[in-house]
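Grab a viewer and have a go at these exercises. Try each task yourself before reading the solution under it.

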Amino acid sequence: MQENVATMIETGLKHTSEITVNENVTARSMGSGDLDVLATPAMLALMESAAMLAVAPHLPEGCTTVGGHIESSHLRPSKLGDKVTATAVVTKVDGKKIEFKVEAYCGETLLGEGYHLRFIVDRDKFLARL
């Protein structure tokens with residue numbers, strides 16, 4: 001992978017991912033609780049998806065990003081049928097390290113907010129190390 005690959009990623013890049021809360025993403029189904037509300041791991045995965053997709057079109061062929069850290073509050077529950085969106089915005093780029101501000105909403109209600117870190121990797125080299 002070229003060392004200057006991160007120069008293609010700029011602060012301000014943004015993406016919003018969306019899900020509708022269903023049985024597959026509830027706390028009961030995912031084992032993170034026993035209620036039929038959006039599971040915290042599902043909200044975090046949606047935030048990670050938004051971050052990945054914010055930078056994916058700007059990476060050279062053969063590269064992707066992998067998550068390194070995520071930290072978020074989960075302030076309000078979401079019930080079955082609710083539409084939840086998560087937005088990730090690039091806040092800092094340092095070599096192959098990309099930092100994001102992440103937020104999740106149900107309508108106008110803030111569900112969670114935090115920080116996410118991803119790293120640019122060469123797909124083949126990354127998988128070869130497994």
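What follows is a set of four exercises on the sheet, the hairpin, the salt bridges and the nonpolar core.

This is a predicted model, in which local features need pLDDT of at least 70 and side-chain atom pairs count only at pLDDT 80 or more, while totals for chains, interfaces and linings use all residues. Residues are numbered from 1 along each chain as its sequence is written, and side-chain values use heavy atoms, with hydrogens and water left out.

**Exercise 1. The sheet**

Work out the strand order of the sheet and find its edge strands.

Step 1: get the elements. Helices (H or I, at least four residues) and strands (E, at least two) are DSSP runs, numbered from the N terminus.

Step 2: pair the strands. Two strands count as paired if DSSP finds at least two bridges between them. S1 (residues 14-20) and S3 (residues 83-94) run antiparallel and are joined by seven bridges. Within that pairing, Thr16 has Thr87 as its bridge partner, and Thr20 sits opposite Lys83.

Step 3: read off the order. The five strands make an open sheet, S1-S3-S4-S5-S2, with antiparallel pairing. S1 and S2 (63-72) are the edges, each pairing on one side only. From one strand to the next, the twist averages 25°, with axes being lines fitted to C-alpha atoms, for helices over the stretch in contact, and angles running from 0 to 180 degrees between N-to-C directions.

Step 4: add the helix. H2 lies across S1, S2, S3, S4 and S5, at about 50° to S3.

**Exercise 2. The hairpin**

Find the hairpin made by S3 and S4, and look at the phi of Gly95.

Step 1: check the pairing. S3 and S4 (residues 97-106) are antiparallel, with nine bridges between them. Ala88, for instance, is partnered by Val102 in S4.

Step 2: look at the turn. Two residues separate the strands, and Gly95 in the turn has a positive phi of about 65°.

**Exercise 3. Salt bridges**

How many salt bridges does the structure hold? Take three of them and say how accessible each partner is.

Step 1: count. There are five, using a side-chain nitrogen of Lys or Arg within 4 Å of a carboxyl oxygen of Asp or Glu as the criterion. For accessibility, buried means under 20% relative accessible area, exposed over 50%, and partly exposed in between (1.4 Å probe, protein chains only).

Step 2: Lys83 and Glu18. Their side chains meet at 3.8 Å, N to O. Lys83 is in S3 and Glu18 in S1, 65 residues apart. Lys83 is partly exposed at 47%, and Glu18 is partly exposed at 49%.

Step 3: Glu48 and Arg118. The closest N and O atoms are 3.3 Å apart. Glu48 lies in H2 (residues 40-55) and Arg118 in S5 (residues 109-122), so this salt bridge ties together parts 70 residues apart in sequence. Glu48 is partly exposed at 27%, whereas Arg118 is buried at 6%.

Step 4: Lys79 and Asp82. This pair meets at 2.9 Å, N to O. Lys79 is exposed at 53%, but Asp82 is buried at 14%.

**Exercise 4. The nonpolar core**

Which element gives the most residues to the largest nonpolar core?

Step 1: define it. A nonpolar core is a set of buried Ala, Val, Leu, Ile, Met, Phe, Trp, Tyr and Cys residues joined through side-chain atoms within 4.5 Å.

Step 2: find the hubs. The largest core has 28 residues, and Ile9, Leu38, Val55, Val90, Ile98 and Phe100 touch the most other members.

Step 3: sort by element. H2, S3, S4 and S5 each give two or more residues, and H2 gives the most, with eight.

Step 4: zoom in on Leu38. Its contacts (heavy atoms within 4.5 Å), not counting residues up to four places away in sequence, include Ile19, Met43, His74 and Val84.
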